[in-house]
Amino acid sequence: MSSYKSVLKNVSLLGGAKVISLALSIIRNKFTALWLGADGMGVMGMFNAIISPATTIADMGVSTSSVRNIASSENDQETARQVSAVKMFYLLSNFLTISAMILLAGYLKRKMLVESLGTWTIYVVAFVVAFSVLVTFCTSALQAKGKIASLVMAQIYATVLGSIFSLVVIYFFRVDGIVWSLLIGAMLGLPVAWYFFSKLKIPKVKMTVKESFIIIKDLLFTGGLVTLAGFSATMCIVFAKVFLLDHLGLKVVGYYDVSVAFSNVYIGLILQSMGTDFFPRLCKVVSDKKQMFRLVNEQMEIGLLFATIGVDICLIIAPAILIGFYSSDFLEATTMLRWQCVGVGLRVLGYPLGFLLMAQRRNWAYFALQLSFWISYYLAITTGISLFGMKFIGIDYIVAYAVYLFFGYSLSYKKGLRPSPLLIKIFLFSVISEGIILLLLFFLPDPYSYVLSSVCCVSVLGIAVSVLKKSFEIDVVAKILSLYTKFKAKVNKNRLRNH
């Protein structure tokens, strides 16, 4: 399957899983809030505030580095060696994490939980982390072997089962059941993930402790840098929010959070596909420079085309998004959200460059690239707000990604990476379409701005469909007609059966 069709297939699979997860999350949160109230939701939030960093520390980025090593294994024996070493790491990591959390239970309870909750709840949380890490081990192996359908099914089954049983526990035990609901959700995820993992039929292999630790050392080096880059990103966002709070107030921080969250929903789906499918395939061809660079260009081409469609639509419906999901009070964030969408659209060009460096084991270059983005972002948002005020928020993201793309291409240009002619055309198409829509929305009065920008967006969609057919050999119209024909035939068949 071509890279183009693989992206389309996996976006559909992962998109379906995400929609199901989102729907279940909304239902679960609705009933949880109803049964627990604000205080109970606060308790759950504090438990999650412990679980999230603890899981990150226990993982140490090995979930990412193991995907690279397993995917690039030359034979089943090497795959088995890598999986065995990763399994040993996670078992050791779980032992150390549980031990540390038990030792620190008193301190964590005093600092992060209310008095009515016992120290024993931290012991339970430690096992929530342990089960979550073991689930990550299974899903990382599925990802590395390219079993996307199995990965998606594992996520769906785990989400459904976890949601049902967690709600039952919360309904009967209310606040006292929160920690148990978290444990049950994590526990149910493991047998589901292990079932799909076992279908990989990875052979057993005998390894000495020394051999395992040689592999683990390599995994931790890459994983440690990935974790450090993630930590740098987290701290940068915290500092940016503090700056916003000090200079523009709490309301603007709320606008910022909303614009960041919504601008990443659609693009996040494309990027999730990249991380889940593209990265393992890139690792498998890392020795073939020509094929590797072809994959990078193909991923950027189709990713940018889909991103352009989504960004153009979001630019137009930005006010409706803010009113629909929040209220008219958030309309002040419209311009911020629009600029943020444009900046986030550039991520589909930046992500493949980061994956390319990781696949090539250029770990320090990867770390420097990620750091360049977040430093540029912080400098852009602080300088821009100091000079131009709130209206600069969102533009800072565009500036930071321009720096990221320049630095990323500089690192890979020396190794032979060149943008394909098709990628350049799609990039120009993206810039022109987004530029025209922004000009119409900013300078024309309503409703003319929305009417003309909508006409422009429909034209963009038509051109994109044409490009998909001619350049990517993906006939969207034919697929839609085929699905409609099948659906119609099924409906007619059911009617005849009923008669």
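Contact here means heavy atoms within 4.5 Å. With that in hand, I looked up how contacts are distributed along the chain: of those between residues at least 6 apart in sequence, 82% join residues at least 24 apart. I note at the outset that the model is predicted.

**Entry 1: overall form**

I assigned the secondary structure and obtained 17 helices and zero strands. I then computed the radius of gyration, which is 24 Å; the globule rule gives 23 Å for 499 residues, so the chain is as compact as a globular protein of that length. Along the principal axes, the C-alpha atoms fill a box of roughly 70 × 65 × 55 Å. I recorded 49% of the 499 residues as buried. The chain exposes about 24700 Å², and carbon and sulfur atoms supply 69% of that area.

**Entry 2: salt bridges**

How many salt bridges does a search of the whole structure find? I found five.

I examined Arg 68 and Asp 218, whose side chains meet in a salt bridge at 3.7 Å, N to O. This pair links distant parts of the chain, since Arg 68 lies in helix H2 (residues 62-71) and Asp 218 in helix H8 (residues 209-248), 150 residues apart. I checked the accessibility of both partners. Arg 68 is buried, with a relative accessible area of 2%, whereas Asp 218 is partly exposed at 27%.

I next turned to Arg 361, whose side chain also meets that of Asp 218 in a salt bridge, at 3.2 Å, N to O. Here too distant parts of the chain are linked: Arg 361 sits in the loop between helix H12 (347-359) and helix H13 (363-388), 143 residues from Asp 218 in helix H8. Arg 361 counts as partly exposed, at 40% relative accessibility.

I also looked up Glu 298, which forms a salt bridge with Arg 294, the closest N and O atoms being 2.8 Å apart. Both residues lie in helix H10 (residues 289-325), four residues apart, which is about one turn of the helix. Glu 298 is buried, with a relative accessible area of 10%, while Arg 294 is partly exposed at 40%. Where salt bridges share partners, they join Arg 68, Asp 218 and Arg 361 into one network.

**Entry 3: nonpolar surface**

I searched the surface for nonpolar patches and noted one of about 880 Å². Met 153, Tyr 157, Leu 161, Ile 164, Phe 165, Val 168, Tyr 171, Phe 172 and Phe 173 make this patch. I located Met 153 in helix H6 (residues 148-173). Met 153 counts as partly exposed, at 31% relative accessibility.

**Entry 4: cysteines**

How many disulfides does the structure hold? I found zero. For a pair to count as a disulfide, the cysteine sulfur atoms must lie within 2.5 Å.

I compared two cysteines with that cut-off. The sulfur of Cys 283 has its closest cysteine sulfur in Cys 138, and because the separation is 20 Å, this is too far for a bond. Cys 283 counts as buried, at 2% relative accessibility.

Why is Cys 456 without a bond to Cys 457? Its closest cysteine sulfur is indeed that of Cys 457, but the distance is 7.3 Å, which is too far for a bond. Cys 456 is likewise buried, with a relative accessible area of 15%.

Definitions and conventions. Residues are numbered from 1 along each chain as its sequence is written. This is a predicted model: local features need pLDDT of at least 70, side-chain atom pairs count only at pLDDT 80 or more; totals for chains, interfaces and linings use all residues. Side-chain values use heavy atoms; hydrogens and water are left out. A salt bridge is a side-chain nitrogen of Lys or Arg within 4 Å of a carboxyl oxygen of Asp or Glu. Helices (H or I, at least four residues) and strands (E, at least two) are DSSP runs, numbered from the N terminus. Buried means under 20% relative accessible area, exposed over 50%, partly exposed in between (1.4 Å probe, protein chains only). Patches are made of residues with over 30% relative accessible area and no salt bridge: like charges are joined within 9 Å, nonpolar side chains (Val, Leu, Ile, Met, Phe, Trp, Tyr) within 5 Å. Accessible areas come from the Shrake-Rupley method with a 1.4 Å probe; for residues, only the protein chains shown count as cover. The radius of gyration is taken over C-alpha atoms; the globule rule is 2.2 Å times the number of residues to the power 0.38.
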